[in-house]
Amino acid sequence: MVQPAHIPVMLEEAIDELRVQPGGRYVDCTLGAGGHAASILSRSQPGGQLLGIDADPTAVQNLKTRMERYGDSVLLINDNFSNLESICYRYDFLPVHGILFDLGLASFQVDNAERGFSFQKDAPLDMRVNPLQETTAADIVNSYPEAELADLIWTYGEEPASRRIAHYIVAERPVYTSTELAGIIERAVGGRHGKIHPATRTFQALRIVVNDELDHLQLALQQAVKVLGFEGRLVVISYHSLEDRIVKQFMRREASGCICPPGTPSCICGHTPTLKVITKKVVVPTRAEIRANPRSRSAKMRVAERVVNDDEHTGLIERLCESVEMKENAWRQPTLLKKIRRLFLTV
Ligand SMILES: C[S@@+](CC[C@H](N)C(=O)[O-])C[C@H]1O[C@@H](n2cnc3c(N)ncnc32)[C@H](O)[C@@H]1O
């Protein structure tokens, strides 16, 4: 049986939350095998446009032919989503009606032994999402001092046996392949206990560090707010607690009126909300989805909507009053709100 390149996770839920509309402008920051992207494109026709980004050149290359039929409606870019804002400006793709992040890896990456992401397949310890990047997992495993390696496994893998694992790795260096490393970890923790493989957390930690995943996510979220139009939606699907925490805290902070440290007598930050949190409770896949696609089991989706803060609002009104169209048609417009919205979405 031919395995699908990737089964998109919470597809209907994500597309509904993005509120994909005909004519809208959307960014899929993590194209992968293009499942979400294809759905966004078909729901946004006629007139919709998609800017798709992926750090893995293979992902982008594979999709170029598949998406040819959408012609100019689709733009596929091989880049890191931490450059989201500059990409949108470079391609004049602003403001955006919806942005999707479906983090982590696609099945075609995990299942390709040569990429070294899986401890179940023997391959060089690589783990780079972008193969042009310099540092591989082998470089880290074979060069970091023991204490640093232990800290990394603890911080990014939340692995309780991090010190022991680091000690075993250093004793058995150099380590070249994924199965060699998995074997060392198994010996360090005294064999397999429970459902998850003892190498799971260490592999997660290495992957996060090799690809600088958490920093890129932080940067991209901040930029997402800058390119989203009024009422534009931000949808993020994450697969482990470190990512989810970043997303949750980011949305909460952006939705706050004041972000001064607790105990500050009066507000000095001047922060105004840029987002409204839509998912008060995190959304997870249904049992049926997990049964059909076990890889979806750790997924968590959070959604926020761009709101206009006071300064932006004043700026919009000023621009609205100065616009020729407004001067000419002024109060003949059916509703002022509709006009303001249109202005904002065509900055
Ligand atoms: C879970 S897959 C996305 C699957 C996709 N939604 C689909 O339906 O096929 C995640 C994708 O994000 C890409 N990726 C991970 N980190 C990235 C980053 N910092 N910048 C751009 N792409 C990234 C990976 O290469 C991978 O293809």
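The following legends describe close-up views of a predicted model of a protein chain with a ligand.

**View 1. The protein chain as a whole contains 16 helices and seven strands.** The C-alpha atoms occupy a box of roughly 75 × 60 × 40 Å along the principal axes. The radius of gyration is 23 Å, which agrees with the value near 20 Å for a compact globule of 347 residues. Of the 347 residues, 39% are buried. Among contacts with a separation of 6 or more, 67% link residues 24 or more positions apart.

**View 2. Seven strands form an open sheet with mixed pairing.** The strands follow the order β3-β2-β1-β4-β5-β7-β6. At the edges stand β3 (74-78) and β6 (275-277), each of which pairs on one side only. Neighbouring strands of the sheet are turned by 15° against each other on average, with direction ignored. In general, the strands of a sheet pair through backbone hydrogen bonds, and the pairing is either parallel or antiparallel.

**View 3. Strand β1 (residues 25-28) is joined to β4 by three bridges and to β2 by four bridges.** The strands run parallel in the pairing of β1 with β4, and they also run parallel in the pairing of β1 with β2. D28 stands opposite L100 in β4 and opposite G52 in β2. The side chains of β1 alternate in direction: R25 and V27 point one way, whereas Y26 and D28 point the other way. All four of these residues are buried.

**View 4. Strand β4 (residues 96-102) is mostly covered.** Seven of its seven residues are buried. β4 pairs with strand β5 (residues 228-238) in the parallel sense, over six bridges. Within this pairing, L100 stands opposite V235 in β5. The residue L100 also stands opposite D28, a residue of β1 that is buried.

**View 5. Strands β5 and β7 (residues 300-306) run antiparallel and are joined by six bridges.** The bridge partner of R233 is E305 in β7. Which strand contains A304? A304 is found in strand β7. Why is A304 classed as buried? There are 27 other C-beta atoms within 10 Å of A304, and a residue is counted as buried if this number is 20 or more. Leaving aside residues up to four places away in sequence, A304 touches L234, M251, A255, L275, K276, V277 and I278. A304 and V235 are 69 residues apart in sequence, yet 6.7 Å apart in space from C-alpha to C-alpha.

**View 6. Helices α3 and α11 lie across strands of the sheet.** Helix α3 (residues 57-66) lies across β2 and β3, and runs at about 155° to β3. Helix α11 (residues 213-227) lies across β4, β5, β6 and β7, and runs at about 155° to β5.

**View 7. The ligand is surrounded by 22 residues.** The closest are P8, T30, G32, G35 and A55. Two elements, α2 (35-43) and β2 (49-54), give two or more residues to the shell around the ligand. How many residues of the shell are nonpolar, polar and charged? The shell divides into nine nonpolar, 10 polar and three charged residues. Strand β2, which contributes to this shell, also pairs with β1 through four bridges.

Notes. Residues are numbered from 1 along each chain as its sequence is written. This is a predicted model: local features need pLDDT of at least 70, side-chain atom pairs count only at pLDDT 80 or more; totals for chains, interfaces and linings use all residues. A residue is near a molecule or strand if its C-beta atom, placed from the backbone, lies within 6 Å of it. Ala, Val, Leu, Ile, Met, Phe, Trp, Tyr, Cys and Pro count as nonpolar, Asp, Glu, Lys and Arg as charged, and the others, Gly among them, as polar. A residue is buried if 20 or more other C-beta atoms lie within 10 Å of its own, exposed if 12 or fewer, and partly exposed in between; C-beta atoms are placed from the backbone. Two strands pair if DSSP finds at least two bridges between them. The radius of gyration is taken over C-alpha atoms; the globule rule is 2.2 Å times the number of residues to the power 0.38. Two residues are in contact if their C-beta atoms, placed from the backbone, lie within 7 Å. Axes are lines fitted to C-alpha atoms, for helices over the stretch in contact, and angles run from 0 to 180 degrees between N-to-C directions.
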